Amino acid sequence: MTVGMTLDTHPDSGPHPGESEKERVDRELMELLQELRVAIPGVQVLFAFLLTIPFSQGFSKLTGLEKNVFAASLLLSAAATALLIAPTSYHRLHFRTGNKERMLFTSNRLAIVGLFLLAAAISTSVFVALSAVFDMSLGLSALIGAVLWFGWFWYGLPLILGRRED
């Protein structure tokens, strides 16, 4: 973003001058796939890390609630991984079928839900880690804080700013 440029005049907002509908859809699809390239390594690292936890010495010391929340975190992470990688698979399977706009909208929805599941997986992982190391009340406080943090920055702020731009 250059100095003095506002969110309303960002070059990526809306169609570019002289850009056809096909060019816009192609660009938006490529932008989405590029964005997912940023998120995918993070969710994969979280998932891989969570897979190792049950084999660590301290896992047996977790309470029943902590183990249940851990299981939820692992499943949320697996689901987030699937949904964040799904647009790439969708793109490959429907390559040159002529329906990129449907692919774009479907992939966008998959990414939004995948990011929601990733936020939930991270938040529940924070709960397990902090409640195991410190206590349940700190873990619960951190869980609530993480949910609010992700909710605001990943959903609240973009939705509010998007409405103001419309």
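**Exercise 1. Find the acidic partner of Arg27 and describe the setting of the pair.**

Step 1: Look for a salt bridge, that is, a side-chain nitrogen of Lys or Arg within 4 Å of a carboxyl oxygen of Asp or Glu. Arg27 forms one with Glu31, and their closest N and O atoms lie 3.0 Å apart.

Step 2: Place both residues in the secondary structure. Helices here are DSSP runs of H or I with at least four residues, numbered from the N terminus. Arg27 and Glu31 are four residues apart in helix 1, so about one helical turn separates them.

Step 3: Check accessibility, where buried means under 20% relative accessible area, exposed over 50%, and partly exposed in between (1.4 Å probe, protein chains only). Arg27 is buried at 14%, while Glu31 is partly exposed at 26%.

A word on the model before going on: it is predicted, so local features need pLDDT of at least 70 and side-chain atom pairs count only at pLDDT 80 or more, whereas totals for chains, interfaces and linings use all residues. Residues are numbered from 1 along each chain as its sequence is written, and side-chain values use heavy atoms, with hydrogens and water left out.

**Exercise 2. Work out which residues Arg24 pairs with, and where those partners sit.**

Step 1: Start with Glu28, which forms a salt bridge with Arg24 at a closest N to O distance of 2.5 Å. The two are four residues apart in helix 1 (residues 21–52), which means about one helical turn lies between them.

Step 2: Now turn to Glu101, whose salt bridge with Arg24 has its closest N and O atoms 3.5 Å apart. This pair links distant parts of the chain, as Glu101 belongs to helix 3 (residues 100–133) and Arg24 to helix 1, 77 residues apart.

Step 3: Compare the surroundings. Arg24 is buried, with 14% relative accessibility; Glu28 is partly exposed at 23%, and Glu101 is partly exposed at 33%.

Step 4: Put the pairs together. Salt bridges with shared partners join Glu21, Arg24, Glu28 and Glu101 into one network. The count for the model comes to six salt bridges.

**Exercise 3. Describe the geometry of helix 4 and the partner it packs against.**

Step 1: Take the span. Helix 4 (residues 136–165) has 30 residues and reaches 42 Å from its first C-alpha to its last, close to the expected 44 Å. The expected span is 1.5 Å times one less than the number of residues.

Step 2: Look for a bend, taken as the angle between axes fitted to the seven residues ending at a position and the seven starting there. Helix 4 has a kink of about 45 degrees, centred on Trp152.

Step 3: List the buried residues of helix 4: Gly139, Ala142, Ala146, Phe150 and Gly156. They pack against helix 3, with contact meaning heavy atoms within 4.5 Å.

**Exercise 4. Locate Pro41 and state how far its C-alpha is from that of Thr81.**

Step 1: Pro41 is found in helix 1 and counts as partly exposed, at 41% relative accessibility.

Step 2: Pro41 and Thr81 are 40 residues apart along the chain, and their C-alpha atoms are separated by 9.3 Å.
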